[in-house]
Amino acid sequence: MHLKLSVLASTFACAASLASAIDISVKSTGGNATNGHQYGFLHEDINNSGDGGLYAELIRNRAFQISERFPATLDGWHSVKGAKLSLKNLSEPLSDVLVTSLNVAAPKGHGQVGFQNDGYWGIDVKARKKYTGSFWVKGTYSGQFTASLQSNITGQTFGSVRVKSQSTPDKWTEHSFELTSSRDAPNSNNTFAITFDASGAKEGSLDFNLISLFPPTFKGRKNGMRVDIAEALEQLHPTLFRIPGGNMLEGLTNRTWWDWKNTLGPLKDRPAFTGVWGYQQTNGLGLLEYLEFAEDLGMEIVLGVYDGLSLNGDITPKDQLQFFIDDALDQIEFIRGPASSKWGSVRASLGHPEPWKLEYVEIGNEDWLAGAPKGWDTFKEYRFPLFLEAINKAYPDIQVISSGSVYDGYDIPAPGAGDYHVYAEPDTLVAEFSKFDNVKQPHIIGEMAAIHPNGGSGWDGPQQPFPWWGGAVGEAVSLIGYERNADRIIGAAYAPIIRNMNRWQWAITAIQFTADKVTRSTSWYIWELMAAHPLTETLPATSQFDPLYYVAGKNEKTGGHIFKAAVYNSTDGAEVPVKLSFEGVKQGTTAELTILTGPKDPYGSNDPFTGVNVVKTSKKTIRSDKTGSFQFSLPDLSIAVLDTSPPKSRRWNSAVKGSS
Ligand code: AHR
């Protein structure tokens, strides 16, 4: 539902009145060391943000997979030149898990026939990019296959390659190829085709499976990530990566939870996953791929382990829980065990002998929600305590996290931490500025975003179509509140992080994309700026909040004194004058002051269809005056960072349209 903008704008009501500058003195000692990784995101395959999103595979429904909820289909596939396509369950399938294949029957005397794929709602084709592909075939065929990228509109071929057949009737044979386009396609309405000479297929048909095509991937990883999406994530300077969801971890039932063991090894041995967001998942983006991506971006992992509760309310009884505890211990060993250990050796065999770092393990996801109240009761009674005990017995240094917070009614036993999720309207996020000031247990804010307009409509009320400026400032206020408590707040994760504009279930994400385009939302800009200036220590400062919310501290590595602030609803929309001094920072010290402001209408968004960026970035160098103070004014609905030793470059600056 779309309310009128004038009504919406008025809900950003005015608050306090300001006569003179807010005088903020920051002490040089007496604060708290932070854990150094406050900003990150949750990824799970929602909104086709995994298959068809971050995972770079271009072919949709590449292996005709079957899962408990979803049958094998021909979705995405079409005949070329009259070939008859059908699904077959051959007595000798490609593998135990890829049991259905594509039979392509070639009518006699038809020359080149075959099949083509739509991609994930288009395929981005760029000149000189090297596409790497493969397919498996079974059947008698002497001749060549042609793999090509073509326009779906005009049929124009942008690039093609001949692949000599090695196919035989008695076994599956893999064919690999590289394909380079000679030109840029004018748009992403393109298709990938495989054709063969009908007269060479002696039995009249051939069987195909696992038909795959990858563009160059992020950092050249095999089976890796889509470059433009990965870069938009990297540019957020994330240091925390919560995987693998969310609801995806829980699965629809206790037979279909996200089983990490099914996501390892050759693609032909990975069964489908019954996705929880209404579509089949390939398991191509598996645990190893997630870990490699974390490594590439320098992110700490927050690993969610299945804890015996699924979305339909299936609860594992106490006497059967050991299976899942052992499974979690295996998973931890896979990630951080020595290469000589049972699961560490599996990791080594997959090309990563070095253990990864793993400090955070979360038990389940939102256990207070599914199967309530029994789900939550059993979590508190035995599921969390048993996981906590077993994991800390084997790994005393791991911070075990409950999937609910103290605010969900759990006095989390030591040494456990909590997870708080907040999808809210901006007024709520602002009201929660001090929420964690007096909470003793450490917490992660495992999912957060402004999703509802102000007005108290609640969870079932209207969501905004895209992140919007006022919502992003609301997020900034909560983020600053978390950062003030960064000794106990492990960090905050935006969720869900990305959305394919062609098929989605959840509107508000920090990044939107299509086959050939990525849009950074208003929230993206706020999270980027906040994360670009990490604090290693918070410092005590004068506390006078509303409408200015702030945190001050320093970064030991850069030597910078840092101040992060947001203005939310100043009186009459007036600018807020600030006088800021850091103990020990002398007269004449320079600092970089970055201020983000939005459009006049606080409900303005970065709409992926127009590509217009409504976020204005202003950056200037200011100098402390003779009292050692930095004096500046911040507009209403703005966020700002002052840093006396700013990072040299923020790579996205030159790349992002509309930033200044
Ligand atoms: O982020 C989207 C979903 O919201 C997550 O899967 C779930 O944990 C939450 O309810």
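The questions and answers below go through the ligand site, two sheets and some backbone features of a predicted model.

Residues are numbered from 1 along each chain as its sequence is written, and side-chain values use heavy atoms, with hydrogens and water left out. In this predicted model, local features need pLDDT of at least 70 and side-chain atom pairs count only at pLDDT 80 or more, whereas totals for chains, interfaces and linings use all residues.

Q: How many nonpolar, polar and charged residues does the shell around the ligand have?
A: The ligand is surrounded by residues that include E44, G246, W277 and P496, where a residue is near if one of its heavy atoms lies within 4 Å of the molecule. Ala, Val, Leu, Ile, Met, Phe, Trp, Tyr, Cys and Pro count as nonpolar, Asp, Glu, Lys and Arg as charged, and the others, Gly among them, as polar. Sorted in this way, the shell has four nonpolar, three polar and three charged residues.

Q: What percentage of the accessible area that the ligand has on its own does the protein cover?
A: A polar contact is a pair of N or O atoms within 3.5 Å; within protein, one must be able to donate a hydrogen and the other to accept it, and residues adjacent in sequence count only if both atoms are side-chain atoms. Oxygen atoms of the ligand lie 2.9 Å from a side-chain N or O atom of N365, 2.8 Å from one of E366 and 2.7 Å from one of Y423. Of the 280 Å² of accessible area that the ligand has on its own (Shrake-Rupley method, 1.4 Å probe; for residues, only the protein chains shown count as cover), the protein covers 94%.

Q: Which strands stand at the edges of the open sheet of six strands, and why is one side of each left without a neighbour?
A: Strands (E, at least two residues) and helices (H or I, at least four) are DSSP runs numbered from the N terminus, and two strands pair if DSSP finds at least two bridges between them. The order in this sheet is β25-β26-β27-β32-β29-β30, with antiparallel pairing. Each edge strand has a single partner strand, so one side of it has no neighbour in the sheet, and these strands are β25 (537-538) and β30 (616-623).

Q: Which residue of β27 is the bridge partner of Y550?
A: Strand β26, residues 548-555, pairs with strand β27, residues 560-567, in the antiparallel sense over eight bridges. Within β27, the bridge partner of Y550 is A565.

Q: Which residue in β5 stands opposite L85?
A: Another open sheet, of five strands, has the order β4-β5-β12-β7-β10 with antiparallel pairing, and its edge strands, each pairing on one side only, are β4 (84-88) and β10 (173-180). β4 and strand β5, residues 101-105, pair in the antiparallel sense over five bridges. Opposite L85, in β5, stands V104.

Q: Where does P415 lie?
A: Most peptide bonds are trans. The bond from A414 to P415 is cis, with omega near 0°. P415 is found in the loop between β18 (399-402) and β19 (418-424).
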